[in-house]
Amino acid sequence: MTETGRNIPAATLFRVLDESTRVIDALKVPYALIGSVASAALARPDWWPDGEDIDVFVRPDDARTVLKALDEAGFATEEVEPDWLYKALKADVLVDVIFESVGGISLDEEMASRIRVERFKGRQLKILAPEDLVVMKAMGNRPETPGYWHEALDVLAGQEIDWSYLALRARRHGVDRVLSLLLYARSLDMKVPDDILVELFEATGEG
């Protein structure tokens, strides 16, 4: 599969987004958007895509079902990384079907129960809860993905956060990384509760 995903008109990306989510909705399986579209829906309403991909988060057991449905809908598909990532392509727009993220994060029942529907650019989209998205972005931040850190900060600034739940997910998947993010957020004058910082700091010494 040839990976393009750049210089794609916004109208084309949104058309493929609508088609891909419609296909997955028909399967009646839990899923959520987790990429730049998700971050924008939660915190950046004026954002427009610039050759972005579409990132869909599904349960491991559903990944092949989702890929097959996209294939039957005319997408070119490939099991690129059998342990965590499949890809679908249509009109030069990539749809990443992700079923395990950095830190061993997969879509469990707790996360699935918190998926929300957000209205964005005239459409309703299923989005991962802000707390889960923040943890995922913090864990996935790498030199090649510097935008993840700032997308996480945008979500922290733009949403009412369930801090107890955020701490729970951080302790489960990457307390050091999330604590670093929250301390940086505090340095930007974002309101991060003291008790959450203390809880996560104490958790860094566990194990």
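**Exercise 1. Which residues is Arg177 in contact with, leaving aside its neighbours within four places in sequence?**

Solution, step by step:

1. Keep in mind that you are looking at a predicted model. Start by finding Arg177 in helix α8.
2. Now look around the residue. Leaving aside neighbours within four places in sequence, Arg177 is in contact with Ala138, Met139, Asn141, Arg142 and Trp149.
3. Pick Met139 from that list and compare sequence with space. Arg177 and Met139 are 38 residues apart along the chain, yet 6.3 Å separates their C-alpha atoms.
4. Turn to Ala138. Its backbone oxygen lies 2.8 Å from a polar atom of the Arg177 side chain.
5. Finish with accessibility. Arg177 counts as partly exposed because its relative accessibility is 29%, and the partly exposed class runs between 20% and 50%.

**Exercise 2. Decide whether Glu151 is buried or exposed, and find the polar contacts of its side chain with Ser36 and Lys137.**

Solution, step by step:

1. Locate Glu151 in helix α6, which spans residues 147-158.
2. Check the accessibility: the value is 8%, so Glu151 counts as buried. The cut-off for this class is under 20%.
3. List the neighbours. Not counting residues up to four places away in sequence, Glu151 touches Gly35, Ser36, Ser39, Arg44 and Lys137.
4. Look for polar contacts between side chains. One joins Glu151 to Ser36 at 3.2 Å, and another joins Glu151 to Lys137 at 2.7 Å.

**Exercise 3. Describe the surroundings of Glu19 in helix α1.**

Solution, step by step:

1. With 15% relative accessibility, Glu19 counts as buried.
2. Beyond its neighbours within four places in sequence, Glu19 is in contact with Ala73, Phe75 and Lys90.
3. Take Ala73 as an example. Along the chain, Glu19 and Ala73 are 54 residues apart, and their C-alpha atoms are separated by 8.7 Å.

**Exercise 4. Which residues of the largest nonpolar core touch the most other members?**

Solution, step by step:

1. Recall a general tendency: in soluble globular proteins, nonpolar side chains tend to be buried together.
2. Here the largest nonpolar core has 72 residues, and those touching the most other members are Leu33, Ile54, Phe57, Leu156, Leu182 and Leu200.
3. Zoom in on Leu182. Setting aside residues up to four places away in sequence, Leu182 touches Leu156, Trp163, Leu166, Val192, Ile196, Leu197 and Leu200.
4. Trp163 and Leu166 are also among the buried residues of helix α7 (residues 163-173). The elements that cover the buried residues of α7 include α4, α5, α6, α8 and α9.

**Exercise 5. Work out what lines the second largest pocket.**

Solution, step by step:

1. Begin with its volume, about 150 Å³.
2. Read off the lining: Asp18, Thr21, Arg22, Asp25, Tyr31, Leu33, Val117, Arg123, Gln124, Leu125 and Lys126.
3. Assign these residues to elements. At least two lining residues come from each of α1 (10-27), β1 (31-33) and β7 (123-127).
4. Sort the lining by class: 4 residues are nonpolar, 2 are polar and 5 are charged.

**Exercise 6. Compare the backbone angle phi and the accessibility of Asp92 and Asp189.**

Solution, step by step:

1. As background, most residues other than glycine have a negative phi.
2. Asp92, in the loop between β4 and β5, has a positive phi near 70 degrees.
3. Asp189, in the loop between α8 and α9, has a positive phi of about 70 degrees.
4. Now for accessibility: Asp92 is partly exposed at 42%, whereas Asp189 is exposed at 70%.

Methods:
Residues numbered from 1 in each chain as written. Predicted model: local features only at pLDDT ≥ 70, side-chain atom pairs only at ≥ 80, totals over all residues. Heavy atoms only, no water. Core = buried A, V, L, I, M, F, W, Y, C linked by side-chain atoms within 4.5 Å. Buried < 20%, exposed > 50% of the residue type's maximum accessible area, 1.4 Å probe, protein only. Contact = heavy atoms within 4.5 Å. 1 Å grid on protein atoms, 1.4 Å probe; cavity = no way out; pocket = protein on both sides within 12 Å on 5 of 7 lines; lining within 4 Å. Points joined across faces, edges and corners; volume = space filled by probe spheres on them. Helix = DSSP H or I, 4+ residues; strand = E, 2+ residues; numbered from the N terminus. Nonpolar A, V, L, I, M, F, W, Y, C, P; charged D, E, K, R; others polar. Polar contact = N/O pair within 3.5 Å; in protein donor to acceptor, adjacent residues only side chain to side chain.
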